[in-house]
Amino acid sequence: MGDCSSRKTRYLDADRFAERLSPLISQLGVHYLSVITDERMACDTADSPTYEIYGWWPSPDKPPILIFSTNGLGMEPKGPATDRAIANLAVSGITGYLMDVDSHTRGPRSCPNYYNPDRKLDVLTSRQSFCKPCAAKLRAAHPKEIAFFDRGAVDGTKPGDAGTWSAYWYNGYIYSSEIARGLDVLELAPSGLISANEIAAAKLVHLDYFNAQDQPKATWPATFVVARAYVDQLERSNGLSVERLKAVRQELARAEKIQGQARRDALTALASALGQDASTSTDQWKVQKLAGVVTELANTAVTGAQ
Ligand SMILES: [Zn+2]
């Protein structure tokens, strides 16, 4: 329980509470930890506090803990409306965590990602569905199977323990630990579901040491191959028209061959055009990410750094 001394009322400090709960995730072996409390709740108490929040989730670089404070909402102890509120809050928390976005204060109140600052109970207990922009972001954040690997039984005639029990990406390879037969090291090959640019971009993230329990956040440097990987993803998601895909690829290739101010100008113009594309794209989020990388590339162009 965090104590906010500036106020007489005591609040549960969501950030600190989540930090204390985080070891439970590995102890319990769960993907998410969802907590329901009847304490008043506040977050960001160190810098810009928000009080009287009822739903909280962390940024994706933190352990996945969702907190629901029922304080003052006037909810029944149990019943269909309460069940729905709990389910709605779980959806809001998981999607907020996956998409790494703040809730929207405007727009449809029926979206699980609507902020509901007035704490209206009818919003919380209503039938909800994602608004269009949130649905598109969620699709982009949702993992998709691109391949699978399994050695099968050691001996098909009798039962025994074997099989992959963990698989982690580490500096360009997937290391799969086998219960009975050692280690398999796998490398991705381009296919219709993943491009050579995406694989090359993934390999730019290098860790000297990796412990999956630390959940390090991968960040990709602003490079041409990362930009091309985003373009490939936009081709798969139909987030840009065929003409725009072609034009963007040509412009990236041209900018890569030139240097200094000319490169900077070409990339600045491209980033601005992509900003326009983002306003009409069905995959707005990805176009914005591409525009962000191109802008960073433009900013480093004059110094010659990439
Ligand atoms: Zn929404």
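**Figure 1. The chain of this predicted model is divided into three domains.** Domain 1 covers residues 12-141. Domain 2 runs over 164-214, and domain 3 over 224-301. The C-alpha centres of domain 1 and domain 3 are 34 Å apart. These two domains are in contact: four residues of domain 1 and six residues of domain 3 take part. On the domain 1 side, three of the residues touching domain 3 are nonpolar and one is charged. No polar residue is found on that side.

**Figure 2. Strands β7, β8 and β9 form an open sheet.** The order across the sheet is β7-β8-β9, with antiparallel pairing. Which strands are at the edges? They are β7 (164-170) and β9 (182-186), and each pairs on one side only. From one strand to the next, the twist averages 20°.

**Figure 3. A closer view shows the pairing of β7 with β8.** Strand β8 spans residues 173-178. Six bridges link β7 and β8 in the antiparallel sense. Look for Trp169 as a landmark: its bridge partner in β8 is Ile174.

**Figure 4. Arg181 lies in the loop between β8 and β9.** Is Arg181 buried or exposed? Arg181 is exposed, because 12 other C-beta atoms lie within 10 Å, and a residue with 12 or fewer counts as exposed. Leaving out residues up to four places away in sequence, Arg181 touches Arg151 and Ala162. Ala162 is 19 residues from Arg181 along the chain. The C-alpha atoms of Arg181 and Ala162 are nevertheless separated by 7.5 Å.

**Figure 5. The largest nonpolar core has 24 residues.** Four helices each supply at least two of its residues: α7 (224-236), α8 (242-257), α9 (260-280) and α10 (284-301). Which helix gives the largest share? Helix α10 does, with eight residues. The residues with the most contacts inside the core are Ala227, Tyr230, Leu267, Leu290 and Val294.

**Figure 6. Leu267 is one of the residues with the most contacts inside the largest core.** What does Leu267 touch, not counting residues up to four places away in sequence? Its partners are Ala255, Val294, Leu297, Ala298 and Ala301. Val294 is also among the residues with the most contacts in this core.

**Figure 7. A second nonpolar core is separate from the largest one.** This second core has 20 residues. Among them are Tyr11, Leu12, Met41 and Tyr54.

Terms used: Residues are numbered from 1 along each chain as its sequence is written. This is a predicted model: local features need pLDDT of at least 70, side-chain atom pairs count only at pLDDT 80 or more; totals for chains, interfaces and linings use all residues. Domain bounds come from an automatic or database domain assignment. Two residues are in contact if their C-beta atoms, placed from the backbone, lie within 7 Å. Ala, Val, Leu, Ile, Met, Phe, Trp, Tyr, Cys and Pro count as nonpolar, Asp, Glu, Lys and Arg as charged, and the others, Gly among them, as polar. Two strands pair if DSSP finds at least two bridges between them. Axes are lines fitted to C-alpha atoms, for helices over the stretch in contact, and angles run from 0 to 180 degrees between N-to-C directions. A nonpolar core is a set of buried Ala, Val, Leu, Ile, Met, Phe, Trp, Tyr and Cys residues joined through C-beta atoms within 7 Å.
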